[in-house]
Amino acid sequence: MRALLKAILPVLAQQLLKRWFTKPVYHRQPKIPVEEYEVLKGQVPGESNDGWQAPGTARRQLDAFAPILQEMREGKLREDFAALVEAVRLTQMDDPLIVEVGCGSAWNREVLERFSNTTVRYVGIDCGVEMLKAAHAMYPGVVTLAGDATELPFRNGSIDILVSGTLLMHLMSYQKAVEESRRVSKRWCIFHTVPLLQTRETTVLRKDAYGQPTLEIIFNSAELLAVFTANGLRVRAAIDSLPYDLEPVLGEPTVTKTFVCEVADR
Ligand SMILES: C[S@@+](CC[C@H](N)C(=O)[O-])C[C@H]1O[C@@H](n2cnc3c(N)ncnc32)[C@H](O)[C@@H]1O
């Protein structure tokens, strides 16, 4: 019994300390500028969503994130960072190969390196060349690839943890992106910070992001879960991420979740 306690106590103490120091900061829900949102009718699969690649978008995004990253470096995690750390922890993998699709400037690599309870091997993928340049300026040596979420440059089952990094909401072909995520993943797919509603059908909004018109999908929860199931993914956890309540725009509350999905048959 004493030997058992001796073995368990340091592990417990370490976990408690880690939890204490990674206690998230709860930011208030930002004010929703209702007039900047346009609700589009039904799905708009033909419409492109390439505002992300416009010159200056990466710079503006990094400027917006600078204070949030500073807080993170001081040990205060925003809810989305905390959700991602928790999602990776739940996979219980040691030293996993993590590919983040839609990595932007790759700050999630820093978040995971600082707060994961394991080392991570990180590769970032983004379709925006400017985003990747910003990633290399901020994190020299970071491994990145230019690529598209709907056509990932990896073999089947070759990635330990595939992270779709706050990306599904921007992909009109999200079903294909889910299929691709599952194809390349050995066991885990994390769909990070996905906006959800319960009653309306999946709804597309147009709004400005970092000065560029962007499309944003708010998913009907049941519809999205059906897409996961149809692609052989089992949801093992749905973690609260950033507050994002679009009730003033959509007439019903919305939330964001980070889904930890396990590949059913590998
Ligand atoms: C909202 S940012 C997410 C940044 C970061 N991953 C996070 O979680 O905060 C979305 C990123 O996805 C990228 N992106 C948009 N469409 C993409 C696509 N089809 N394939 C790969 N990346 C894409 C954008 O360039 C942008 O950097």
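Two residues are in contact if their C-beta atoms, placed from the backbone, lie within 7 Å. I'm writing that down before anything else.

**Ground rules**

I'm working with a predicted model, where local features need pLDDT of at least 70, side-chain atom pairs count only at pLDDT 80 or more, and totals for chains, interfaces and linings use all residues. Residue numbers start from 1 along each chain as its sequence is written.

**Overview**

I looked up the secondary structure first and found eight helices and 10 strands in the protein chain. Helices (H or I, at least four residues) and strands (E, at least two) are DSSP runs, numbered from the N terminus. Next came burial: a residue is buried if 20 or more other C-beta atoms lie within 10 Å of its own, exposed if 12 or fewer, and partly exposed in between, with C-beta atoms placed from the backbone. Of the 266 residues in the protein chain, 35% are buried. I also checked contacts with a separation of 6 or more, and 73% of those in the protein chain are between residues 24 or more positions apart.

**R234 and A264**

I found R234 in strand 9, residues 233–240. R234 has 12 C-beta neighbours inside 10 Å, so it counts as exposed. Leaving out residues up to four places away in sequence, R234 touches C261, E262 and A264. I also noted V263: its C-alpha atom is 6.4 Å from that of R234, with the two positions 29 residues apart along the chain.

From there I went to A264, which sits in the segment after strand 10. A264 is exposed too, because just 12 other C-beta atoms lie within 10 Å. Its contacts, again not counting residues up to four places away in sequence, are G232, L233 and R234. A264 and G232 are 32 residues apart along the chain, yet their C-alpha atoms are separated by 5.4 Å.

**Strand 6 and its partners**

Is strand 6 mostly covered or mostly open? I get mostly covered: 11 of the 13 residues in strand 6 (185–197) are buried.

Then I listed what strand 6 pairs with; two strands pair if DSSP finds at least two bridges between them. Strand 5 (residues 159–165) runs parallel to strand 6, and six bridges join them. L162 has C189 in strand 6 as its bridge partner. The chain gets from strand 5 to strand 6 through helix 6 (residues 174–184), in a right-handed β-α-β crossover. Right-handed here means that, with the strands pointing away from the viewer, the path from the first strand over the helix to the second runs clockwise.

Strand 10 (residues 255–263) is antiparallel to strand 6, with seven bridges between them. C189 turns up again in that pairing, opposite C261 in strand 10. Strand 8 (residues 212–220) is parallel to strand 6 and joined to it by two bridges. I noted N220 in strand 8 as the bridge partner of L197.

**Strands 2, 3 and 4**

Strand 2 (residues 97–101) pairs with strand 3 in the parallel sense, over five bridges. In that pairing V101 stands opposite I125. Helix 4 carries the chain from strand 2 to strand 3, and the β-α-β crossover is right-handed.

Strand 3 is also parallel to strand 4 (residues 143–146), with four bridges joining them. I125 has L145 as its bridge partner in strand 4. Strand 3, helix 5 and strand 4 form a right-handed β-α-β unit.

I stopped at N117, in the loop between helix 4 (107–115) and strand 3 (121–126). N117 counts as partly exposed because it has 13 C-beta neighbours inside 10 Å. From N117 to D95 I get 9.5 Å, C-alpha to C-alpha, with the two 22 residues apart in sequence.

**Helix 2 against helix 5**

At what angle do helix 2 and helix 5 pack? Helix 2 (residues 57–73) and helix 5 (residues 129–138) pack at about 45°, with their axes 8 Å apart. That makes helix 2 oblique to helix 5. Angles under 35 degrees count as roughly parallel, over 145 as roughly antiparallel, 65 to 115 as roughly perpendicular and the rest as oblique. The axes are lines fitted to C-alpha atoms, for helices over the stretch in contact, and angles run from 0 to 180 degrees between N-to-C directions.

Which residues meet there? I have T57, A58 and L62 from helix 2 against E130, M131 and A134 from helix 5. I sorted the residues of this contact into four nonpolar, one polar and one charged. Ala, Val, Leu, Ile, Met, Phe, Trp, Tyr, Cys and Pro count as nonpolar, Asp, Glu, Lys and Arg as charged, and the others, Gly among them, as polar.
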